[in-house]
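Open your viewer and keep the selection box ready. We will move from stop to stop, picking residues as we go.

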Amino acid sequence: FEQEITPDPQVFLLDWSKDGESAYLIRVGLEDTRQERMGIATGTVAWSKDGNYLATGCADPTKICVYDVALFPDPKIHNEEFSIPISPIIKEIDIPAGCSDILPYYGIGSISWAPDAERLAIVCKKYDTILRTLFSNTCIIHIKNQEESYCFGEEEGWFVPSRVDWSPHD
């Protein structure tokens with residue numbers, strides 16, 4: 001198994017605030033471990049299969065933010081640690097009602113890109129402390145035409161979907 005590595009490998013992660021309600025999307029350079037704040041995010045983060053886009057929950061956890069990675073500042077030029085550059089968000093997408101109805105304050109639980117980078121699969125999941133059970137819903141979001149987005153239907157219990165990963169074959 002051989003994998004081609006880009007000249008400047010990077011990792012994106014979410015760094016949660018102390019209140020646990022928001023996070024910074026942070027880029028970490030693997031060569032020099034420099035960390036840069038790229039914006040406010042919630043939930044989770046996922047690369048498109050072609051490596052051109054990054055999706056994460058927006059600062060508003062009822063939306064998904066899609067970033068064009070080519071619009072991020074060049075880490076070799078933009079070298080101020082922990083700065084917040086102009087955001088390269090190219091689209092904010094509303095999470096369908098079937099998912100946002102059970103969305104916890106910290107956002108969606110899982111995101112995965114379709115191979116064509118035109119759709120996202122997401123999982124919303126929360127624990128209800130009063131009913132002492134989990135609620136989950138999986139949705140397919142069409143990035144260009146949100147009216148075509150749909151959810152599979154809310155599930156309840158202890159064995160509900162918590163993670164989604166789109167097959168590389170469409």
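Start with tyrosine 53. Its relative accessible area is 25%, so this residue counts as partly exposed. Keep in mind that you are looking at a predicted model.

**Stop 1: an aromatic pair**

How many aromatic pairs does the structure hold? There are 2. For one of them, keep tyrosine 53 selected and add tryptophan 113. The two ring centres are 6.0 Å apart. The ring planes meet at 25°, and planes under 30 degrees apart count as stacked, so this pair is stacked.

Now colour the strands. Tyrosine 53 belongs to strand β4 (residues 53–57), while tryptophan 113 belongs to strand β7 (residues 110–113). The pair therefore ties together parts that lie 60 residues apart in sequence.

Is tryptophan 113 buried or exposed? Its relative accessibility is 1%, so tryptophan 113 is buried.

**Stop 2: the other end of the chain**

Jump to tyrosine 150 and phenylalanine 152. Their ring centres are 5.8 Å apart. The planes stand at 65°, so this pair is edge-to-face. Show the surface here. Tyrosine 150, at 40% relative accessibility, is partly exposed. Phenylalanine 152 reaches 55%, so it counts as exposed.

Keep phenylalanine 152 on screen and add threonine 138, which it contacts. Threonine 138 sits in strand β9 (residues 133–142). With a relative accessible area of 11%, threonine 138 is buried. Leaving aside neighbours within four places in sequence, threonine 138 also touches Ile122, Val123, Cys151 and Pro161.

**Stop 3: three strands in a row**

Go back to strand β4 and select β5 with it. These two strands pair in the antiparallel sense over 5 bridges. They form a hairpin, with 5 residues between them. Which residue in β5 stands opposite tyrosine 53? Look for aspartate 68.

Now select β5 by itself, residues 63–68. This strand is mostly covered, with 5 of its 6 residues buried.

Add strand β6, residues 89–94. β5 and β6 pair in the antiparallel sense, over 5 bridges. To see one partnership, pick isoleucine 64 and then isoleucine 93 in β6, its bridge partner.

While the strands are on screen, turn on the side chains. In a regular strand, side chains alternate between the two faces of the sheet.

**Stop 4: inside strand β4**

Select threonine 56, found in strand β4. Its relative accessible area is 0%, so threonine 56 is buried. What is threonine 56 in contact with, leaving aside its neighbours within four places in sequence? Its contacts include Lys63, Ile64, Cys65 and Tyr67. Leu14 and Ile111 are also among them, as are Ala41, Thr42, Thr44 and Val45.

Try a distance label next. Draw it from the C-alpha atom of threonine 56 to that of isoleucine 40. The label should read 9.7 Å, for residues that are 16 apart along the chain.

**Stop 5: a patch on the surface**

Finish on the outside. Select Val11, Leu13 and Leu30, which form a nonpolar patch on the surface. Together they have about 220 Å² of accessible area.

Zoom in on valine 11, which lies in strand β1 (residues 10–16). Why does valine 11 count as partly exposed? Its relative accessibility is 35%, and partly exposed covers the range between the buried limit of 20% and the exposed limit of 50%.

Definitions and conventions
Residues numbered from 1 in each chain as written. Predicted model: local features only at pLDDT ≥ 70, side-chain atom pairs only at ≥ 80, totals over all residues. Heavy atoms only, no water. Patch = residues over 30% accessible without salt bridge, like charges linked within 9 Å, V, L, I, M, F, W, Y side chains within 5 Å. Areas by Shrake-Rupley, 256 points an atom, 1.4 Å probe, with all protein chains shown as cover. Salt bridge = Lys/Arg side-chain N within 4 Å of Asp/Glu carboxyl O. Helix = DSSP H or I, 4+ residues; strand = E, 2+ residues; numbered from the N terminus. Buried < 20%, exposed > 50% of the residue type's maximum accessible area, 1.4 Å probe, protein only. Phe/Tyr/Trp six-rings, centres within 6.5 Å; stacked < 30°, edge-to-face > 60°. Pairing = 2+ DSSP bridges. Contact = heavy atoms within 4.5 Å.
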